[in-house]
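Me: I am new to this structure and would like a close, careful look at one part of it, beginning with how two of its helices meet. Could you then carry on from there to the spaces in the structure, in one connected account?

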Amino acid sequence: MTEHGTLPSMGTLVRWGFTEPEAALRRIDELRGDPLPCLESAGQAADPDQAFALLLDLLAASPDPPELEARLRADPLLRGRLVRVLGASTGLAEHLIRHPENVQELADPDLAAVRPAAWALRATLVASVGADPRGSEPVAASAEPDVADALRVAYHRLLLRLAVRDLSNEIRVDDVAAELADLAAGTLEAALAIARARLPEKSTPCRLAIIGMGKTGGHELNYVSDVDVLFVAEPADTDTDAEADALRTATRLASQVIRICSDHTREGTLWPVDAALRPEGKNGPLVRSLASYEAYYQRWAKTWEFQALLKARPVAGDRDLGAAFIALVDPLVWKAAERTGFVEDVQAMRRRIVDHIPADQLNRQLKLGPGGLRDVEFAVQLLQLVHGRTDPNLRSPSTLKALDALTAGGYVGRPDGAELAEAYRFLRTLEHRIQLARLRRTHLLPDDVGDLRALGRSLHLWSEPVNELTLAWRRHAREVRRLHEKLFYRPLLAAVARIPSEEARLTPEAARARLTALGYTDSSAALRHIEALVAGVSRRAAIQRTLLPVMLEWFADAPDPDAGLLAFRQVSDELGSTPWYLRLLRDEGITAERMAKVLASSKFVVDLLRRAPEAVAMLGHDEELQPRGREQLETEMLATVRRSADPEAAVAAIRGIRRRELFRVATADVLELIDIDVVGEALTDIAIATLTAGLAAAVRSVAAQGRPTLPTRLAIVAMGRFGGHEMSYGSDADVIFVHEPFEGAGDEEAAEVATAVVTEMRRLLAVPAPDPPVTVDASLRPEGRQGQLVRTLASYTAYYQRWSHVWEAQALLRADVVCGEDGLRQRFVELIDRYRWPEAGVSAADVREIRRIKARVDAERLPRGADPTTHTKLGRGGLADVEWTVQLLQLRHAASVPALRTTRTVRALSAAADADLLTRADADALIASWRLATRARNAMMLVRARPSDSLPRDPRELAAVSRLLGYAPHESGLFLEDYRRITRHARAVVERVFWE
């Protein structure tokens, strides 16, 4: 008990946040009145124990403790502000204990109303040293020896006023940092006034400007930080030749300013002034003239120096001279990104910073570590320097203002910009609170639990301050690192930086000249496309202005830049209002680059993409462009059939899936992510899945017409390149159909229903629609087009036993039963194996017949006027030569060499070489020719969007085909030479092996 009532219990103090309530209760008698208001207010401080203890120390140091205690008890606003400062900062508490009169600063009711202007802070600080604050540059300061201490006292008094607003959440961290920078600028001005007062009487007059750099220049200073500066000087008299003497005077002034701010006295210290960002660093002169700076930056400056100058701002001294310095360096800053390797240099510098962090500090570094402040600042600065060349809105030295401008201009996505700004503010606030605690320069998160608790409470995390703080910090650091990786290593940046500023601005004159230089054949049409894409002030147009200068160059690296730009406009018109589209191109540079290459290389891909432009989303990741397996495709397509009651709608959806998968394969092919064997297998899988689902839809359609139960089993046999799993983009689906009636079903009824189902399937797959049709060709069936469309297994058995010719056995070499009932499929394979892998091989007469047919094909089917050396199918050493040769080997030897029993050409050739039926060199020659002809055939379809067997005679088309086959620009002649040489070697093997 006391005369004032009951003391709070220790439990109450614990609830209020005290961790050592006994210590607080032991000192309770030092208060003269009721202790409850002070104790309860201390419970709102970051560290209640510290706040209460320092409050008692402050009262003891006061000239009139009872009067101060009474004021605190009577004024809750003053009391709350005071304990918040005392509980968060021992450094400011020490200042108050030395100067208890400054407690009155916290009673100001207007303290939080308006942020003090920079000129007002400057005037207060300059006046504190006895200089005249009204002039453009203070020239007279007090000569008293302790005038520097007066500056320190004034600075800390103003810092106190700022800190209490900060701790009370009455001011945002952006404004805290800006006010700290204004305080630093005013302090430098006052220190310069003191330095002038200390100059020897006969010193040569000079003009001196102090340029703020880093966080000082960016208006984002910390509570305790090095104040980075440059000093620039000129003679006071422009007619004098005494530049050297003037620079010596300026150097004395600069040295004094550094000493005044950095010295430690009974009033503590301000902060170190760091001039290490000057040319040549600490080895260079402290002060330089404008001409000296210009010579250095023009000739010797490194990339990081221009990055540092991004934040340069005159903060003290001669204002005109400071403005002249900025006018000098500003154009250099905004051309720095054009330096060779600029982006890579900045990225490498950031990596070096992280690599040099001590291992024991890496996970506590708020500033330099991964996910720290530097990650945000480097990402923002790199984007500024690259894009700010053409967009003056980005030229702010403030990180957050620049980030806002980058977000508003479309260079950074809105969600990313908001997340990055929130994380940066959190990290800066955390850094401020850590430094405020002892007014010491540090960027390390404390590892002491008590310090973490106080830190969390200073951020108003009351429930579980340590856990809440740790979780929030880790979450923000994780997001910063993710976004840093996304923005800082954006592939588009390096490409944009390589483009000269004038060309990157995309003015009509610059664009027209650049289009012509890049090789666009119709620059007027291209310019119209560009104008349509970038017109207006929308975010969409802003992002396009960023993308197009680079994409124009990427289009020009591909065979048909004009077609690429036109296709890009068409796709952008379709998707431009889709939120993800431009964001994907901007943020995932590989997507934009791949899109440019694909659009300017392949009309086939363009046609597929125009029908479903959302497929652009696949381009960003290699795994998205890998072909999907047959089972996965069949599952998706069959599910589509089951979901749709309308067979035509179901097949339309199936064809949409097919179109998407064709785009996936063709794009991967153009981008050289898959080889020709994978292309053939993938296209075959797509065809099989399409026929499987189409057959299911046809069965449902026929059932809906009155045949709910089919009386027969059905199977589809792939033939030719389809059966060989070697389809090309222009291949039809060559098939034959087989059915087998169920027991008790009539043969006529079964045949009628099977024919109806097959006919309906072919109709559904060929219905006119936006997606490419599926041509199902059954002309390889027995008796050709005159024969039955669908035969029973028994009918096939009777036909092959009685009527089969050697050429039909040859055709069966590539038969693969790909769809239908499993048992029927197996029985059909068992049937045809005896004919295509004859136990005794083929007779001499059969060999002569095969050669006769081949000679007739060579003589009659090669189109009139076609060049036999460049016809991929029927030309010398082309696909037919190789395939007939391997098929003759299969007919002769497959019975004794099981490895030859395959429908795949390359696999059969390798097996023949393994069995010594061919030399390895001969097999390799045939395989090389077959693959090259297949690739060329596919490339022609990709380029023209229509099938062709002859290599193009048009130079532009030939160049486009050769580019897709890996040849450099202007190497189409070399491609032709290589094609003729490789096929000539294959033809020589065919002459020996097939024709003997």
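**A helix contact and the spaces in the model**

Reply: On the α42 side of the contact with α44 are Asp922, Ala925, Leu926, Ala928, Ser929, Leu932, Ala933 and Ala936, and these meet Phe975, Asp978, Tyr979, Ile982, Thr983, Ala986, Val989, Val990 and Arg992 on the α44 side. Sorted by class, the residues of this contact comprise 12 nonpolar, two polar and three charged. Please bear in mind throughout that this is a predicted model.

As for the geometry, α42 covers residues 920-944 and α44 covers residues 972-993, and their axes come within 9 Å and cross at roughly 135°. The two helices are therefore oblique to each other, and the crossing of α42 and α44 is left-handed.

Helix α42 also leads on to the largest pocket, since α34 (720-723), α37, α39 (844-860), α40 (879-893) and α42 each supply at least two residues of that pocket's lining. The volume of the largest pocket is about 1,300 Å³, and its lining is made up of 36 residues, with Gly720, Leu780, Arg861, Lys873 and Trp884 lying nearest its centre. By class, this lining consists of 13 nonpolar, 10 polar and 13 charged residues.

Helix α37, named above among the contributors to the largest pocket, has a part in the largest cavity as well: spanning residues 806-812, α37 gives the most to the lining of that cavity, with four residues. A search of the whole structure finds three cavities of 30 Å³ or more, and the largest cavity has a volume of about 70 Å³. Its lining is formed by Met719, Ile736, Leu780, Arg781, Pro782, Tyr800, Trp807, Glu808, Ala811 and Leu812. Leu780 is thus one of the residues lining the largest cavity, and Leu780 is also among those nearest the centre of the largest pocket. Divided by class, the lining of the largest cavity has eight nonpolar and two charged residues, and no polar ones.

Another part of the chain holds the second largest pocket, where about 760 Å³ of space lies. Of the 22 residues lining the second largest pocket, Gly214, Asp228, Leu277, Lys367 and Arg374 are the closest to its centre. Among the helices, α11 (214-217), α14 (303-309), α16 (342-355) and α17 (373-387) each supply at least two residues of this lining, and the largest share, four residues, comes from α17. The classes in the lining of the second largest pocket are eight nonpolar, four polar and 10 charged residues.

From α17 one can return to helix contacts, for the axes of α17 and α18 (residues 399-408) come within 10 Å and cross at roughly 55°. That angle makes α17 oblique to α18, and α17 passes α18 in a left-handed crossing. On the α17 side the contact involves Val376, Glu377, Val380, Leu383 and Gln384, and on the α18 side it involves Thr399, Ala402, Leu403 and Leu406. By class, the contact of α17 with α18 counts six nonpolar residues, two polar and one charged.

Technical notes
Residues are numbered from 1 along each chain as its sequence is written. This is a predicted model: local features need pLDDT of at least 70, side-chain atom pairs count only at pLDDT 80 or more; totals for chains, interfaces and linings use all residues. Side-chain values use heavy atoms; hydrogens and water are left out. Axes are lines fitted to C-alpha atoms, for helices over the stretch in contact, and angles run from 0 to 180 degrees between N-to-C directions. Angles under 35 degrees count as roughly parallel, over 145 as roughly antiparallel, 65 to 115 as roughly perpendicular and the rest as oblique. A crossing is left-handed if the near helix is turned anticlockwise from the far one by less than a right angle, and right-handed if clockwise. Contact means heavy atoms within 4.5 Å. Ala, Val, Leu, Ile, Met, Phe, Trp, Tyr, Cys and Pro count as nonpolar, Asp, Glu, Lys and Arg as charged, and the others, Gly among them, as polar. On a 1 Å grid over the protein atoms alone, a cavity is a set of points where a 1.4 Å probe fits but cannot get out, and a pocket is an open set with protein on both sides within 12 Å along at least five of seven lines; lining residues have an atom within 4 Å of a point. Grid points are joined across faces, edges and corners, and a volume is the space filled by probe spheres set on the points.
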